[in-house]
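Subject: Handover of a structure and notes on its contents

Dear colleague,

Please find the structure below, together with its sequence. My notes follow it and are arranged by topic.

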Amino acid sequence: MEHLSNDAPLLIAQGGPLNGQRWSISKAIIIGRDQTCDLVIADRQVSRRHARLKPTVEGVLLEDLGSRNGTYLQGNQLKSPKLLNDSDVIHVAVVQEFIYLSSDATLPLDGEGFDYVPNQIPGLLRLEKRSRRVWIGNVEVLPPLSVAQFKLLQELYENQDRVVTRQKIIEVVWGEDQAVIVSEQALDALIRRLRDRLAETDPSHSFIATVRGHGLRLDNPQLNSK
């Protein structure tokens, strides 16, 4: 079940027993196995009261509540409470992965919830920046794309009808500081995974077009042209 607010930070489950579910962090959330918790993960590797997310004036604080199997932030076991940053990945034990989306790093929604590119006719593929959801037609792409996959798709989506260079994509996905050490093979692997994920929802159309010698382009047909 989803618990959403338009202006609060979001917690999105990726993989695991809660895959695809979303929660607004408008108040403190206790995560654990016990049915009295605000967010219940019914797995014995999860402690009865495992972790807590708490909004503060500085941001959302993540705290481990003395769990047996640990709470992990960006792959590191949490030893003390930490403020979360946009796109941080949280693991509760080894059972459930979440991604955190801060409200100040997202844009307001337009129209009926889809964040369309200005002056573009909405295409078959649509995305919503705030919750990082993707639809092909009326079917949502589930489980949600990884952070890297969504960043790649978003860059192409915001530049529809234009070719985006491979270097630009690397900078957007990995950041300018890391771009110099990212290999062509790593980018090719990411592109292949994104194509595979989109094909799981619609195998009849290839949305990611390669323009040899230049880069990538989003091939996003109009809704009524398919």
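Which residue is the bridge partner of K54 in β6? The partner is L61. Please bear in mind throughout that this is a predicted model.

Strands β3, β5 and β6

The pair just mentioned belongs to the antiparallel pairing of β5 with β6 (residues 60–64), which extends over five bridges. In the hairpin that these two strands form, four residues lie between the strands, and G59 has a positive phi near 145 degrees. Strand β5 (residues 51–55) also pairs with β3 (residues 29–32), again in the antiparallel sense, through three bridges. There, I31 has A51 of β5 as its bridge partner.

The six-stranded sheet

Six strands make up an open sheet with antiparallel pairing, in the order β2-β1-β11-β10-β7-β8. Its edges are occupied by β2 (22–24) and β8 (76–77); each has a single partner strand, so one side of each has no neighbour in the sheet. At the β8 edge, two bridges connect this strand with β7 (residues 71–73), and the two run antiparallel. L73 has N76 of β8 as its bridge partner.

Helix packing

Two packed helices are described by the distance between their axes and by the angle between those axes. Helix α4 (residues 184–201) packs with α2 (residues 166–174) at an angle of about 80 degrees, the axes being 11 Å apart. Angles of 65 to 115 degrees count as roughly perpendicular, and α2 and α4 are therefore described in that way. On the α2 side, the contact is made by R166, I169, I170, V173 and W174, and on the α4 side by E184, A186, L187, D188, L190 and I191. By class, these residues comprise eight nonpolar and three charged ones, with no polar residue.

Helix α4 also meets α1: their axes come within 10 Å and cross at roughly 85 degrees. That angle makes α1 roughly perpendicular to α4. Here α1 contributes A148, Q149, L152 and L153, while α4 contributes L190, I191, R193, L194, R197 and L198. Seven residues of this contact are nonpolar, one is polar and two are charged. L190 and I191 of α4 take part in the contact with α2 and also in the contact with α1.

Cavities and the largest pocket

How many cavities of 30 Å³ or more does the structure hold? There are two. The largest cavity contains about 70 Å³ of space. Its lining consists of I12, Q14, I99, L101, S131, R132, P144, L145, S146, V147 and F150. At least two of the lining residues come from each of β1 (10–14), β11 (96–101) and α1. In terms of class, the lining of the largest cavity has seven nonpolar, three polar and one charged residues.

The largest pocket has about 160 Å³ of space. R132, F150, K151, Q154, E155, E158 and V172 line this pocket. Helix α1 (residues 147–157) supplies the largest share of that lining, with four residues. The lining of the largest pocket comprises four charged, two nonpolar and one polar residues. R132 and F150 appear in the lining of the largest pocket and also in that of the largest cavity.

With kind regards

Technical notes: Residues numbered from 1 in each chain as written. Predicted model: local features only at pLDDT ≥ 70, side-chain atom pairs only at ≥ 80, totals over all residues. Heavy atoms only, no water. Pairing = 2+ DSSP bridges. 1 Å grid on protein atoms, 1.4 Å probe; cavity = no way out; pocket = protein on both sides within 12 Å on 5 of 7 lines; lining within 4 Å. Points joined across faces, edges and corners; volume = space filled by probe spheres on them. Nonpolar A, V, L, I, M, F, W, Y, C, P; charged D, E, K, R; others polar. Axes fitted to C-alpha atoms, helices over the stretch in contact; angles between N-to-C directions. Parallel < 35°, antiparallel > 145°, perpendicular 65-115°, else oblique. Contact = heavy atoms within 4.5 Å.
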